[in-house]
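Here's a quick look at the charged side-chain pairs in this one. Have the model open as you read.

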Amino acid sequence: MTMGWGRGAGAVLLAAVVVAGASACGGPAEAEPKPAASAAKKPVKSVTAQWDEMMEWWASHDIGCVAGYDAEDDPEGCAIRIQDYVDDVRKIRKAMNTDPAAPKGFYTSAYVIIDQLETYASTPAGPDDTEGWLAARPLIYMEGHALGEWIAAHPLQ
């Protein structure tokens, strides 16, 4: 008699496990919705357009410190603006790295200029080294200007 009861309990237990397993695996009702295939992607701006926007912003927001004057009035603020300028050039490098229109090796010369700018930007002892940033400022600006000339001479889009 025990044997018959065991088989019946085993069948019920097996059925419970199968039902629980099926509901735990997540059926179609629980599936995550897939993103719409027709969702439009934001168009990527060309490196030239991004550079031009960056330069327009700097022309209207910088008091001249990055270009080499007016640093005496606010040396700490000028040092911060120079660091911000370097960060913006880094964004341009990222845009170059992901530019789908660029053939292999297209930005090699631009990377050399950016690498030199990075070398000059690494000379200050840190973000709080105001004198170091002010001393590196003309060299950073010179490389930024050279990068701008390179981008203008090599419009890809």
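**Salt bridges at a glance**

A network of salt bridges ties together Asp87, Arg90 and Glu118. Keep in mind that this is a predicted model. With a side-chain nitrogen of Lys or Arg within 4 Å of a carboxyl oxygen of Asp or Glu as the cut-off, the count comes to 5 salt bridges.

**Between helix 3 and helix 4**

- Arginine 90 pairs up with glutamate 118, and their closest N and O atoms sit 2.8 Å apart.
- That pair links distant parts of the chain: arginine 90 belongs to helix 3 (residues 75-97) and glutamate 118 to helix 4 (residues 108-121), with their positions 28 residues apart.
- Arginine 93 and aspartate 115 also meet in a salt bridge, at 2.4 Å from N to O.
- Here too the link joins distant parts of the chain, from arginine 93 in helix 3 to aspartate 115 in helix 4, 22 residues apart.

**The lysine 45 pair**

- Lysine 45 and glutamate 53 make a salt bridge through their side chains, at 2.8 Å from N to O.

**How exposed are these residues?**

- Glutamate 118 has 22% relative accessibility, so it counts as partly exposed.
- Its partner arginine 90 is partly exposed as well, with a relative accessible area of 32%.
- Aspartate 115 comes in at 39%, which makes it partly exposed.
- In the other pair, lysine 45 is partly exposed at 45% relative accessibility, and glutamate 53 is partly exposed at 41%.

Technical notes:
Residues numbered from 1 in each chain as written. Predicted model: local features only at pLDDT ≥ 70, side-chain atom pairs only at ≥ 80, totals over all residues. Heavy atoms only, no water. Buried < 20%, exposed > 50% of the residue type's maximum accessible area, 1.4 Å probe, protein only. Helix = DSSP H or I, 4+ residues; strand = E, 2+ residues; numbered from the N terminus.
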